[in-house]
Amino acid sequence: DMEGLLRIKEENQKHYRRAQRHQEKKEKIQKHNRKLGDLVEKKTFDLKTQYEHLANLRRSHILELTSVIFPIEEVKTSMRDPADVSSEGDNAMTSSTVSKLAEARRTTYLSGRWVCDDHNGDTSISITGPWIILPNNGDYSAYYNWVEEKKTTQGPDMEHNNPAHTISAALCYATQLVNTLSLILDVNLPKKLCNRQVKTHEFCGENLSRHRFTRAVKKLNANILHLCFSQHVNLDLLHPLHTLRNLMYLVSPDTENLGR
């Protein structure tokens with residue numbers, strides 16, 4: 001029994017010494033983990049600072065780009081309300097007729113259905129200049145109506161102020177701006193629109209059919225919305241058909257997360 005007791009004591013001493021070594025290793029590991037934790041915290045702070053610096057650089061580049069090369073502004077149109085004009089011409093017009101005229105002014109026939117647009121007739125959005133504008137309600141029917149007329153009319157087109165020309169130019173510039181913004185923001189666009197050469201540009205090349213034109217506009221609108229979502233633009237401001245207006249909200253200085 002005494003010999004057994006001695007063996008047990010020796011084993012206990014070995015376990016105790018081993019436990020001490022394990023305790024020392026544990027303390028070293030804890031100390032190393034604390035150092036790594038401090039290092040990770042410092043690196044995380046540095047990374048956050050770099051992200052903020054990068055966001056500020058992106059923001060400054062975008063604001064410079066949209067103020068010098070691609071300015072986007074809201075253009076007020078000088079259209080008078082038909083209700084006011086009609087009431088001046090006919091004092092006997094009933095109030096119901098006036099209200100119906102005002103309601104008709106805020107309604108647009110778009111893609112086979114009537115849609116309500118409070119901005120219709122009041123404002124348009126311009127890009128690169130007040131003469132290059134897009135309809136505020138997303139109605140680009142003037143373009144494919146012009147294309148249909150071109151098919152039946154021979155000779156050069158001398159109407160330089162044709163709305164179809166301004167629509168094509170505005171969409172062309174919008175495509176260039178969106179592709180440039182995707183590079184600055186490092187955001188991959190879901191839809192591909194070519195703008196490398198004028199001859200191969202979606203909007204500035206040959207006259208597009210209604211199907212191709214509508215498809216290209218949908219791709220452009222999808223890219224713009226994707227960029228707006230990536231920069232946390234207020235969703236209440238966005239509309240799937242308002243091409244330049246959505247783009248204007250995206251690059252606005254009031255967009256807090258621009259450059260993230």
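# Exercises on a predicted protein model

Among contacts in the protein (heavy atoms within 4.5 Å) between residues at least 6 apart in sequence, 64% join residues at least 24 apart. This is a predicted model, in which local features need pLDDT of at least 70 and side-chain atom pairs count only at pLDDT 80 or more, while totals for chains, interfaces and linings use all residues. Residues are numbered from 1 along each chain as its sequence is written, and side-chain values use heavy atoms, with hydrogens and water left out.

## Exercise 1: Elements and confidence

Find how many helices and strands the protein has, and where confidence is lowest and highest.

Solution.

Step 1. The protein has 7 helices and 5 strands. Both are DSSP runs numbered from the N terminus: helices are H or I with at least four residues, strands are E with at least two.

Step 2. Read from the N terminus, the order is α-β-α-α-β-β-β-β-α-α-α-α.

Step 3. Confidence is given as pLDDT, the predictor's confidence in each residue, from 0 to 100. The protein has a mean pLDDT of 79, with 73% of its residues at 70 or more.

Step 4. Helix α1 (residues 2-68) has the highest confidence, at a mean of 92, and helix α2 (residues 82-89) the lowest, at 44. The pLDDT is below 50 over residues 79-92, a stretch with 12 contacts in the model beyond near neighbours in sequence.

## Exercise 2: Burial and surface

State what share of the residues is buried, and describe the nonpolar patch that includes L54.

Solution.

Step 1. Buried means under 20% relative accessible area, exposed over 50%, and partly exposed in between (1.4 Å probe, protein chains only). Of the 260 residues of the protein, 32% are buried.

Step 2. The protein exposes about 17,600 Å², of which carbon and sulfur atoms supply 53%. Accessible areas come from the Shrake-Rupley method with a 1.4 Å probe; for residues, only the protein chains shown count as cover.

Step 3. On the surface, L47, Y51 and L54 make up a nonpolar patch with about 300 Å² of accessible area together. Patches are made of residues with over 30% relative accessible area and no salt bridge; like charges are joined within 9 Å, and nonpolar side chains (Val, Leu, Ile, Met, Phe, Trp, Tyr) within 5 Å.

Step 4. L54 belongs to helix α1 and is partly exposed, because its relative accessibility is 34%.

## Exercise 3: Salt bridges

Find how many salt bridges the structure holds, and place the partners of each.

Solution.

Step 1. A salt bridge is a side-chain nitrogen of Lys or Arg within 4 Å of a carboxyl oxygen of Asp or Glu. The structure holds 2 of them. Side chains of opposite charge can pair when their charged atoms come close.

Step 2. One salt bridge joins D46 and K42, with the closest N and O atoms 3.2 Å apart. D46 and K42 lie 4 residues apart in helix α1, so about one helical turn separates them. D46 is partly exposed, at 30% relative accessible area.

Step 3. The other joins the side chains of E74 and R245, at 3.0 Å from N to O. This pair links distant parts of the chain, 171 residues apart: E74 is in strand β1 (residues 72-76) and R245 in helix α7 (residues 243-250).

Step 4. E74 is partly exposed at 35% relative accessibility, whereas R245 is buried at 5%.

## Exercise 4: Two buried polar residues

Determine whether S230 and T243 are buried or exposed, and which residues they touch.

Solution.

Step 1. S230 lies in helix α6 (residues 210-230) and is buried, at 16% relative accessibility.

Step 2. The side chain of S230 reaches the backbone oxygen of L227 at 2.7 Å. Not counting residues up to four places away in sequence, S230 touches V187 and R260.

Step 3. T243 is in helix α7 and is buried, at 2% relative accessibility.

Step 4. The side chains of T243 and Y140 are joined by a polar contact of 2.9 Å. A polar contact is a pair of N or O atoms within 3.5 Å; within protein, one must be able to donate a hydrogen and the other to accept it, and residues adjacent in sequence count only if both atoms are side-chain atoms.

Step 5. Leaving aside neighbours within four places in sequence, the contacts of T243 are L134, Y140, L171, L220, N221 and I224.
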